[in-house]
Amino acid sequence: MTSIELPESLYKRIETRIKDGKFASVSDYVSFVLREKLVTEEETPESHFTKEEEEKIKDRLKALGYL
Amino acid sequence: MISPHGGKLVDRKVPFEKKEEAIHEAAKMPQIVVSPDLARDVENIAFGAFSPLEGFLCQGDLDSVLQTKRLRSDLVWTIPIVLDASSTALKGIKAGDTVALVDTTRLPFALLEIEETYPLIKKEFVKQVYGTTDSAHPGVAKTFRMEETLVGGKIRLIDMLFDEFQRLRLSPVETRVLFKEKGWRTIVGFQTRNIPHLGHEYVQKTALTFVDGLFINPVIGKKKQGDFKDEVILDAYQTLLDNYYLKDKTVLAILRTEMRYAGPREAIFHSIVRKNFGCTHFVVGRDHAGVGKYYAPYAAQEIFDEFPDLGIVPLFFRSFFYCNKCQSVVNEKICPHDQADHIDFSGTKLRGALSKGDVAPKELIRPEVAEVLQKWKEPFVEG
């Protein structure tokens, strides 16, 4: 675990927000929100195979009756 | 297309041109014999179905998965993929060595670069993964039968093992190409270990209504006594698809791995694997991957709240049943009729009818599927 700094007012706002019990602490809440944000920013563009590989795969898929 | 878990589809296959050399090398290496199910998981790692894993978990990652349901990299991961080995098998082997993984016929099919060996703390493992230490739970029983030492490290797959269902086996790269060719941008994954009844069909088609394609992905591998045999499940599904599904909207392919019966944790694991196959959505029903009464009916749905960064959208379904008054499959959210009008899709009831040679009721199962089931003399996994 490591520490980060938050404005006092934001910290208090989160403390109020988590009173419903869904999050055990402000840290839990901040981790949740940051992970939610990061996953959308870490999306990588599609390129998991070369054109040549793709053609070979299509041939197999045709042979198996998928295409 | 959706990103694989961790952003990159893992490829741990020995390139074709280096295969001969690898086989030659493997013959001279110390060997570790692995079970058929573990061998399939080596294949799953190599082909990227378990991305971002590149091998069997080392201790730091295992501890992290058990305690936080995440790898040390912070990526969500809930089911430990570990390799156990006996002290005899590990004699003279140390971290830094490469060993050959061999199947039960002693055929080397993969290499393992050992990073570390460490003790398996079984009680802690089962408590975290299965939520119980009761040895009546199949996952707990299996863990208690494991060796005392785990081996962590990256694998390299030399060759795939023989698979009687090879025709229905697609890798994540292949499904991604397939989905792209079909022009699907949103795909819902459906996990199953059972024969299809009308309730499953209702869920699958309801989910498909909102996306471009349906990926039915039965788990083929070790199951518990009384479950339907793999060949029966596939025969039944093929028949259902041929008669009741649009061909250009549905793909059936298998996932070769064992059922862990880890309920909520396994639901997350199943969704990660389907994300790697290119699914954007994943169906989670009542008691997903459950067994007995070890998990609350909707625990496998509630656990998704913990993971805002999973990267795949779960579609939750409540219990469904046939209603005599509605004359269709419905669920508790849409049917106003009394419980007395409802017929449950009970697997036990279906199995009971089939064991006695009875025809399954048409309210529960398509007649063509019922016909397929009747043709199998021994449709269930024996003990």
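**Chains A and B in a predicted model**

Chain A holds three helices and zero strands; the model under discussion is a predicted one.

Colleague: In which order do the elements of chain A run from the N terminus on, and how many of its 67 residues, as a percentage, count as buried?
Modeller: Read from the N terminus, the elements of chain A follow the pattern α-α-α. A residue needs 20 or more other C-beta atoms within 10 Å of its own to be called buried, and of the 67 residues in chain A the share that reaches this is 4%.

Colleague: Is chain A more spread out than a compact globule, or less, and what is its radius of gyration?
Modeller: Along its principal axes the C-alpha trace of chain A spans about 60 × 25 × 20 Å. For 67 residues the globule rule gives 11 Å, and the value for chain A is well over this, so chain A is more spread out than a compact globule, with a radius of gyration of 23 Å.

Colleague: Which helix of chain B gives the most to the side that touches chain A?
Modeller: The contact draws 15 residues from chain B and 19 residues from chain A. By class, the chain B side comprises seven nonpolar, three polar and five charged residues. The element that gives the most to this side, with six residues, is the helix spanning residues 172–182 of chain B, H6.

Colleague: How is chain B divided, and how far apart do the C-alpha centres of its domains lie?
Modeller: Chain B is divided into domain 1, covering 16–157, and domain 2, covering 166–375. Between the C-alpha centres of domain 1 and domain 2 of chain B the distance is 28 Å.

Colleague: Which helix supplies the largest share of the side of domain 1 of chain B that touches domain 2 of chain B?
Modeller: The contact between these domains takes 21 residues from domain 1 of chain B and 27 residues from domain 2 of chain B. On the domain 1 side, at least two residues each come from helix H2 (36–46), helix H4 (122–130) and helix H5 (138–145) of chain B. That side divides into eight nonpolar, eight polar and five charged residues, and the largest share of it, five residues, comes from H2(B).

Colleague: How many of the nine residues of strand S6 of chain B are buried, and over how many bridges does S5 of chain B pair with S6(B)?
Modeller: Strand S6 (residues 149–157) of chain B is mostly covered, with seven of its nine residues buried. Strand S2 (residues 55–56) of chain B pairs with S6(B) in the antiparallel sense over two bridges, with B:Gly55 opposite B:Lys154, while strand S3 (residues 83–85) of chain B pairs with S6(B), also antiparallel, over three bridges. For strand S5 (residues 108–119) of chain B, where B:Leu111 has B:Arg156 in S6(B) as its bridge partner, the antiparallel pairing with S6(B) extends over nine bridges.

Colleague: Which strands are the edges of the open sheet ordered S14-S13-S15 in chain B?
Modeller: Three strands form this open sheet with antiparallel pairing, and its neighbouring strands are turned by 45° against each other on average, direction ignored. Pairing on one side only marks the edge strands, which are S14 (328–331) and S15 (342–344) of chain B.

Colleague: What is the bridge partner of B:Tyr322 in S15(B), and at what angle to S13(B) does helix H7 of chain B run?
Modeller: Strand S13 (residues 320–323) of chain B and S15(B) pair in the antiparallel sense over three bridges, and the partner of B:Tyr322 in S15(B) is B:Ile343. Helix H7 (residues 198–208) of chain B lies across S13 and S14 of chain B, and its angle to S13(B) is about 115°.

Conventions:
Residues are numbered from 1 along each chain as its sequence is written. Chains are lettered from A and ligands numbered from 1 in the order in which they are written. This is a predicted model: local features need pLDDT of at least 70, side-chain atom pairs count only at pLDDT 80 or more; totals for chains, interfaces and linings use all residues. Domain bounds come from an automatic or database domain assignment. Two residues are in contact if their C-beta atoms, placed from the backbone, lie within 7 Å. Helices (H or I, at least four residues) and strands (E, at least two) are DSSP runs, numbered from the N terminus. Ala, Val, Leu, Ile, Met, Phe, Trp, Tyr, Cys and Pro count as nonpolar, Asp, Glu, Lys and Arg as charged, and the others, Gly among them, as polar. Two strands pair if DSSP finds at least two bridges between them. Axes are lines fitted to C-alpha atoms, for helices over the stretch in contact, and angles run from 0 to 180 degrees between N-to-C directions. The radius of gyration is taken over C-alpha atoms; the globule rule is 2.2 Å times the number of residues to the power 0.38. A residue is buried if 20 or more other C-beta atoms lie within 10 Å of its own, exposed if 12 or fewer, and partly exposed in between; C-beta atoms are placed from the backbone.
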